[in-house]
Amino acid sequence: MMATRTISTRITTTEFVPSADSTSWSHAAPSLADLIQAHLDCRHHKRNTVSALEFEIHQERNLVTLYDELMSGTYRPGRSIRFVITHPKHREVCASKYRDRIVQHLLYNHICDRFHRRFVADTCACIPGRGTLYGAKRLEHHIRSATENWSKPAWYLKLDIANCFPSLDKDIIFAELKRHIWEPWWLNLAELILYHDPLTDCEFHGDLKLLDRVPPHKRLGGAGVGRGLPIGNLSSQFFLNVLLDVLDQHIKHDLRVRYYARYVDDMVFVAQSPQFLNAVHHAVALFLPRRLGLQLNESKTILQPVDRGVDFVGQVIKPWHRRLRRRTFRYAIKRIASMDAADLHATTNSYFGLCRQTTHSHHDRTQLAKVALRRGRTVDGDFTKISKGGFT
């Protein structure tokens, strides 16, 4: 099951060249080398999954078959894996099989640059180099600027989109895609991925009773016709950024908001005037349903001084320091203390890495180290990682 075979010899010899009678489906289509690169990108974090291992047993044959389907126009997304995650809350996830993930990476690799160049610098998530650390630093920079290095008072407004992924309007997303994807082949592929309903062919993994704990309005099946994208796919995250870029441009250029940051559907605005932030809140609440078909979750709206601490991307930004969110830290301690020994090394080191993203984490890392030591692991002197050695 773990054996793999190299396919580098095919990269330089096979490339798609449109014939004189090519249809719009095959116009400007990718080469086999592009598909192989998408495969390599896809397996970077998914190589040990069952579907990835099954694909790699006969990866040459599987890649050529997939390429032939794409060229002939017979490719259709396959079965999805449906399950429920329980932390931090119950959410329904519909993840594509490895084969379809490759196609998503193929589309993303071809069109992402033209969209990334348009995105404002305050947008992070699913953009290379703009993860949670980028988002935390960006917002901290904005707060320092607004408060003149914490010497003046300022306020922040935090907004959240209600039922974001289940509420996304596919027609509005496709209209935005058509504005920037001019190649018919790639536009057809984007349309195929966007409008595919994973619930038409899926297999449920885990305890089916957990699905009852997901509110009906947060399930993909309750979104309605033409609405909702599945959580768990690269394409869903990217399509969300394409849609919300319309909101970002409105905020920066029409509302003239100087200090702003967004991570997925969480938005934070910073200003010295709470009246200005109230006006921004009202404007965004009107713009979202009228232009994007979305609504704000008013129960999660926060307006308060920044010196009380701004909770964003898992960190709390306070005067002169950033710390890991306390709820996340308590969950990490509880999880490391009770999880299976087989998963302890990777999980603990990931939490150490999460702590190192903050500016004041030494105390948190010592607490994590104490739990790891009680589990029989060894910890380096800087409290940044544990070794694989140990007994329980």
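Two strands pair if DSSP finds at least two bridges between them. Helices (H or I, at least four residues) and strands (E, at least two) are DSSP runs, numbered from the N terminus. The structure is a predicted model, in which local features need pLDDT of at least 70, side-chain atom pairs count only at pLDDT 80 or more, and totals for chains, interfaces and linings use all residues. Residues are numbered from 1 along each chain as its sequence is written, and side-chain values use heavy atoms, with hydrogens and water left out.

**Exercise 1.** Determine how strand β1 (residues 80–85) and β2 run and how many bridges join them.

*Solution.*
Step 1. β1 and β2 run antiparallel, and six bridges join them.
Step 2. The connection from β1 to β2 is a hairpin of five residues.
Step 3. For one position across the pair, Arg91 in β2 stands opposite Ile85.
Step 4. A residue is buried under 20% relative accessible area, exposed over 50%, and partly exposed in between (1.4 Å probe, protein chains only). By this rule, five of the six residues of β2 are buried.

**Exercise 2.** Identify the buried residues of α2 and state where they lie around the axis.

*Solution.*
Step 1. The buried residues of α2 are Leu32, Leu35, Ile36, Ala38, His39 and Cys42.
Step 2. They lie on the same side of α2, because they cover an arc of only 155° around the axis. The arc is that of the directions from the helix axis to the C-beta atoms.
Step 3. The general principle is that an α-helix has 3.6 residues a turn, so residues three or four places apart point the same way.

**Exercise 3.** Describe the largest cavity and the second largest cavity by volume and lining.

*Solution.*
Step 1. On a 1 Å grid over the protein atoms alone, a cavity is a set of points where a 1.4 Å probe fits but cannot get out; a pocket is an open set with protein on both sides within 12 Å along at least five of seven lines; lining residues have an atom within 4 Å of a point. Grid points are joined across faces, edges and corners, and a volume is the space filled by probe spheres set on the points.
Step 2. There are four cavities of 30 Å³ or more.
Step 3. The largest cavity holds about 130 Å³. Its lining has 15 residues, and Ser96, Gln104, Ile193, His196 and Asn233 are the closest to its centre. α10 gives the most to this lining, with three residues.
Step 4. The second largest cavity holds about 60 Å³. Its lining includes Glu92, Val93, Cys94, Phe165 and Pro166. β2 supplies the largest share, three residues.

**Exercise 4.** State the volume of the second largest pocket and which element gives the largest share of its lining.

*Solution.*
Step 1. The volume is about 310 Å³.
Step 2. Of the 16 lining residues, His45, Lys46, Arg101, His105 and Leu234 lie nearest the centre of the second largest pocket.
Step 3. α2 (32–42), α5 and α10 each give two or more residues to this lining, and the largest share, four residues, comes from α5.

**Exercise 5.** Describe the largest nonpolar core.

*Solution.*
Step 1. A nonpolar core is a set of buried Ala, Val, Leu, Ile, Met, Phe, Trp, Tyr and Cys residues joined through side-chain atoms within 4.5 Å.
Step 2. The largest core has 69 residues, of which Leu70, Leu177, Phe269, Val284 and Leu292 touch the most other members.
Step 3. α10 provides the largest share of this core, ten residues.
Step 4. Another core, of 16 residues, lies apart from it, with Val270, Val306, Val310 and Phe312 among them.
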